[in-house]
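Biologist: I am new to reading models like this one. Could you walk me through it in plain words, and take a close look at a single part, the surroundings of the ligand?

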Amino acid sequence: MSDPPVTALRATAEEEADIRRRVREVDPASLGPDRVIAVSGHAAALARMLADPRVSDPIYDLPRPITEDSVRAWIEATAADQARGEAVLILSLDEQGEVAGYSRFSVWPDRSSAEIAGATRADRQNRGQGTAGAARSFGWMFEVLGVRLIGLTAALDNVRSARVIEAAGFRPMGERDSRRPDGTLRRSLYWEMTADEWRRVRDPGEAPS
Ligand SMILES: CC(C)(COP(=O)(O)OP(=O)(O)OC[C@H]1O[C@@H](n2cnc3c(N)ncnc32)[C@H](O)[C@@H]1OP(=O)(O)O)[C@@H](O)C(=O)NCCC(=O)NCCS
């Protein structure tokens, strides 16, 4: 489980309950076509994608070693988190039903905050679709999950991630330590953006709410 954003917002009880409900009831199709919530039956296909180091190496919070069993346990743990309104694991499937990408959203409803970690299958990377795809996911987190703050991390050498994150308007906030599931630390670049900042970037004429 990843750590919440450095900036600690405080949600009202009503806001927290609303975010938990949104996370529990989320429709994956609202993120894009051919998206599904991960279930145990996807474990083998998801493990096949994640076993590729071009997909998984830059990501600190995946189960390791990556096997069908460890991925199934991770899917089931995330489903339990989703039932509490605290995480969602969404897969994108190709025409053959193979996993072509994943996004895992960690949500802290009491802080009105969320994080995303994700990857695209190696054959679909480097096609110039990262910036648009990431921007869609960030907007979805603000609009559909209803959070007011997103915190993001990336490995220090992950130039593609840094590029898509800063293209979306996130504020660089230096570095922080990310905790891997085995307790070891990975040094990460760190960014944040609020929903008001997001709306201003999308529509500079709009006043903050
Ligand atoms: C990170 C990821 C989602 C980006 O998606 P993508 O479709 O491969 O990315 P793109 O081809 O759109 O490239 C993203 C940007 O990086 C730039 N870029 C690519 N390689 C680069 C390099 N070596 N140096 C500098 N910029 C580079 C691209 O030009 C593009 O910028 P632009 O839109 O301004 O032209 C994808 O590569 C991925 O899944 N990687 C593995 C897992 C991962 O790193 N996940 C994120 C963890 S935070």
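Modeller: The protein has seven helices and seven strands. Here helices (H or I, at least four residues) and strands (E, at least two) are DSSP runs, numbered from the N terminus. Starting at the N terminus, you meet them in the order α-β-α-α-α-β-β-β-α-β-α-β-β-α. The radius of gyration is 16 Å, close to the 17 Å that the globule rule gives for 209 residues, so the protein is as compact as a globular protein of that length. That radius is taken over C-alpha atoms, and the globule rule is 2.2 Å times the number of residues to the power 0.38.

Two notes on reading what follows. This is a predicted model, in which local features need pLDDT of at least 70 and side-chain atom pairs count only at pLDDT 80 or more, while totals for chains, interfaces and linings use all residues. Residue numbers start from 1 along each chain as its sequence is written.

Now to the ligand. It is surrounded by 21 residues, and the closest are P58, A119, Q125, G130 and R163. A residue belongs to these surroundings if its C-beta atom, placed from the backbone, lies within 6 Å of the ligand. The elements that contribute two or more residues to this shell are β4, α5 (130-145) and α6 (159-167). By class, the shell holds nine nonpolar, nine polar and three charged residues. In that sorting, Ala, Val, Leu, Ile, Met, Phe, Trp, Tyr, Cys and Pro are nonpolar, Asp, Glu, Lys and Arg are charged, and the others, Gly among them, are polar.

Which element gives the most to the shell around the ligand? That is α6, with six residues, and it deserves a longer look. In α6, S161, V164 and I165 are buried. They lie on the same side of α6, because they cover an arc of only 100° around the axis; the arc is that of the directions from the helix axis to the C-beta atoms. A general point helps here: an α-helix has 3.6 residues a turn, so residues three or four places apart point the same way.

"Buried" has a cut-off: 20 or more other C-beta atoms, placed from the backbone, lie within 10 Å of the residue's own, whereas 12 or fewer make it exposed, and anything in between makes it partly exposed. The buried residues of α6 pack against α5, β5 (149-155) and β7. Contact here means that two C-beta atoms, placed from the backbone, lie within 7 Å. After α6 comes G169, with a positive phi near 100°.

Following the chain onward, we find P172 in strand β6. P172 counts as exposed because it has 12 C-beta neighbours inside 10 Å. Leaving aside residues up to four places away in sequence, P172 touches E166 and W191. T184 sits in the loop between β6 (171-179) and β7 (185-194). T184 is exposed too, since 10 other C-beta atoms lie within 10 Å. T184 and S2 are 182 residues apart in sequence, but their C-alpha atoms are 12 Å apart in space.

β4 also gives residues to the shell, and S112 lies in the loop between β3 (99-108) and β4 (113-120). Although S112 is not a glycine, its phi is positive, near 50°. S112 is buried, because 23 other C-beta atoms lie within 10 Å of its own.

Finally, the wider setting. Of the 209 residues, 37% count as buried. The largest nonpolar core has 53 residues, and L46, V107, M141 and V147 have the most contacts inside it. The largest share of this core, six residues, comes from helix α2 (residues 43-50). Such a core is a set of buried Ala, Val, Leu, Ile, Met, Phe, Trp, Tyr and Cys residues joined through C-beta atoms within 7 Å. In soluble globular proteins, nonpolar side chains tend to be buried together. For one of the core residues, L46, the partners are A38, V71, L91, V99 and Y102, not counting residues up to four places away in sequence. Across the protein, residues 24 or more positions apart make up 64% of the contacts with a separation of 6 or more.
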